[in-house]
Structure formats: C-alpha cells, structure tokens
Amino acid sequence: MAAQINALIFDLDGVITDTAELHYQAWKQMSDEEGYPFTRDDNEALRGVSRRESLNRLLKGRVITEEKALDLMERKNRYYVDLLETITPANILPGALALLDEAEAAGLKLAVGSASRNAHTVLTKLGIIDRFDAVGDGYCVVHTKPAPDLFLWTAGRLGTYPQNTIVFEDAEAGIEAAQRGGFFTVGIAGHDQSVQGRVTNADVVLPDLAQAHLADILEKLKKARA
Ligand code: B16
Ligand code: MG
C-alpha cells in the first residue's frame, strides 16, 4: 500500500454504536401491529440498508400500496425516534473514542457515512457530533449502500480521495459500497459467529474497535494490499 491515508469514514450503526437492536424493536412493533412475521434473524438482513429497502425485505414479496408503504415507514420511524431518547454517550462502542483520538492526533480527517436519516440525532445523543469534519447520512444521496455514492459524497465533503481513505463498516452492503467507490475497507465482524460472514470481503476484518489501534490497522492494510 503506497497510498497515504489522510481520512477515516465510519459507518454509524454497528461500528460507533449499536442501534440495530432499536431498529429491531421499532420494526417489530410495526410488524406485530400489521400481523407480519419478523424475527431478529430477519433484522440482520436490514443492516446498513435504507429504510425503504428494509421495508421491502421485511415484506418478503407481499404487495402493498405506496400509501401503505409510506405509512409503515413513518410509523416504524416514529417508534425508532422514541427509542433514540434512551441513547447516551455510554452507548458508544468500546474503542471507538480511542481510535478517534488517535486519528485526530495523527492529523487525519474524520467523517461518518451512514444510511440512516437519523444519523445527526444519534451522533448528537452520543455527544460526538463535533468530532467529525463531515457527516454523510440518508438524506445526502439518492442511491444508498451498496451504491458507492454515500461514501463518495462524504469523501468529497472531506476533500479526500477514496484511495487515501479507509471506510469502517459492519454490513455487507456497506463493504460493497466502499469497495465499489475504491476505498480501503475495515470490516467490523462482531462476535456473533452466525453473522460474521457479512464483512469477509473487507481488506482487514476486526471483531470490533476495542484495541483497534491506527498503526496496527495501517500495517494490516499494507499487508492486505501488498
Ligand atoms: P433510518 P448505518 C443504517 O445505519 C442501519 O444499519 C439500517 O438498519 C437502517 O435501516 C438504515 O441505517 C436507515 O436508517 O431508518 O434511521 O434512516 O449502519 O448505515 O449507520
Ligand atoms: Mg452499519
């Protein structure tokens, strides 16, 4: 890897914090009201994909009107936004703040690239929105992950190029988006064996950001791209 890394872009849900459980509870409440089956396993397939695509996957081919789809998404989001009230800085995942500190000390630019339209709210509740030079969210581009648009938009806001930027992602759709954009990728696999396959295509795979030091990550990327 001859390239100079000058920026890091972090996915939000599953990398900096774990809002997947709150998304699950909100989709579950809406699904129960409608009599749709929806399990935690089903929720795994919604990681990193937009609200609209999440609904499509949840419906599993069931055909509904556009008006109904908008109502279901609006209701789910209302439940989700209510649940976001419970978020505090204690919900930042282990190691994330330490990595931000290291990267900032090294002079790297920092951004969030999240499919969520609630990313600003979540970052504000976590108390870290000021740590980022740019926040790309579900409002910034038409085509969200796995299209590369969101990460490219975010890199543009930072004034960096994909070949000088690392994307940290926990979802298959996010790794694909970053790779299609030409970024270096670090996959956050989590500790649940049944879902670890989702980021195996990343340049470097880590279980989480705990003990994730910038120098080690750069070294691993260098070996992966040698
Ligand atoms: P919203 P990320 C994603 O966040 C979530 O992983 C995904 O489950 C959710 O459907 C998507 O945001 C949209 O969220 O309904 O709040 O706009 O992983 O890209 O940070
Ligand atoms: Mg994610």
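Start at the lining of the largest pocket, where the residues divide into nine nonpolar, 11 polar and nine charged. What you have open is a predicted model, so please read every stop on this tour with that in mind.

**Stop 1: the largest pocket**

Select Val49, Ser50, Arg51, Ala115 and Ser116 to centre your view: of the 29 residues in the lining, these lie nearest the centre of the largest pocket. Three elements each give two or more residues to that lining: helix 1 (20–34), helix 3 (51–59) and helix 4 (66–84). Which of the elements gives the largest share of the lining? Colour helix 4 to see it, as four of the lining residues come from there. The space in this pocket comes to about 480 Å³.

**Stop 2: the second largest pocket**

Now select Gly14, Asp18, Gly190, His191 and Pro207, the closest to the centre of the second largest pocket among the 19 residues that line it. Its volume is about 310 Å³. By class, the lining here has nine nonpolar, three polar and seven charged residues.

**Stop 3: the magnesium ion**

Show ligand 2, the magnesium ion, along with Asp11, Asp13 and Asp170. Asp11 and Asp170 each coordinate the ion through OD, while Asp13 uses O, and the distances run from 2.0 to 2.1 Å. Along the chain, these donors follow the spacing D-x1-D-x156-D. Trace the backbone from two of them: Asp13 sits in the loop between strand 1 (7–10) and helix 1, and Asp170 in the loop between strand 4 (165–169) and helix 8 (172–181), so this pair ties together parts that are 157 residues apart in sequence. Are Asp13 and Asp170 buried or exposed? Switch on a surface and look for them: both are buried.

**Stop 4: a small enclosed space**

Keep Asp13 selected and add Leu12, Thr19, His23, Tyr80, Ser114, Ser116 and Val122; together these residues line the largest cavity. The volume of this cavity is about 30 Å³. Its lining is made up of three nonpolar, four polar and one charged residues. Ser116 may look familiar, as it is also one of the residues nearest the centre of the largest pocket.

**Stop 5: helix 6**

Val122 leads you on to helix 6 (residues 119–126), where Ala119, Val122, Leu123 and Leu126 are buried. Look down the axis: these residues cover an arc of only 95° around it, which puts them on the same side of helix 6. What do the buried residues of helix 6 pack against? Display helix 4, strand 2 (109–113) and strand 3 (134–136), and you have their partners. Just after the helix comes Gly127, with a positive phi near 80°.

**Stop 6: two buried strand residues**

Go to Phe10, in strand 1. With a relative accessible area of 1%, Phe10 is buried, since the cut-off for that class is under 20%. Setting aside residues up to four places away in sequence, Phe10 touches a list that includes Leu99, Leu100, Leu110, Val112, Phe132, Phe168 and Leu209. For a distance check, draw a line from its C-alpha atom to that of Leu59: the two are 49 residues apart along the chain and separated by 29 Å.

Next, select Thr185 in strand 5 (residues 184–188). Thr185 has 0% relative accessibility and counts as buried. Beyond its neighbours within four places in sequence, Thr185 is in contact with Val167, Ile175, Ala178, Gln179, Ala202, Asp203, Val204 and Leu221.

**Stop 7: backbone details**

Finish with the loops. Between strand 3 and helix 7 (149–158) you will find Pro146. The peptide bond leading into it from Lys145 is cis, with omega near 15°.

Which way does phi point, positive or negative, at Lys60? Phi of Lys60 is positive, near 45°, in a residue other than glycine. Lys60 belongs to the loop between helix 3 and helix 4, and at 52% relative accessibility Lys60 counts as exposed.

Your last selection is Gln211, in the loop between strand 6 (204–206) and helix 9 (214–224). Gln211 is not a glycine either, yet its phi is positive, about 65°. Gln211 counts as exposed, at 65% relative accessibility.

Note on methods. Residues are numbered from 1 along each chain as its sequence is written. Chains are lettered from A and ligands numbered from 1 in the order in which they are written. This is a predicted model: local features need pLDDT of at least 70, side-chain atom pairs count only at pLDDT 80 or more; totals for chains, interfaces and linings use all residues. Side-chain values use heavy atoms; hydrogens and water are left out. On a 1 Å grid over the protein atoms alone, a cavity is a set of points where a 1.4 Å probe fits but cannot get out, and a pocket is an open set with protein on both sides within 12 Å along at least five of seven lines; lining residues have an atom within 4 Å of a point. Grid points are joined across faces, edges and corners, and a volume is the space filled by probe spheres set on the points. Ala, Val, Leu, Ile, Met, Phe, Trp, Tyr, Cys and Pro count as nonpolar, Asp, Glu, Lys and Arg as charged, and the others, Gly among them, as polar. Donors are N, O and S atoms within 2.8 Å of the metal (3.2 Å for Na, K and Ca); water is not among the atoms, so sites may look incomplete. Buried means under 20% relative accessible area, exposed over 50%, partly exposed in between (1.4 Å probe, protein chains only). The arc is that of the directions from the helix axis to the C-beta atoms. Contact means heavy atoms within 4.5 Å.
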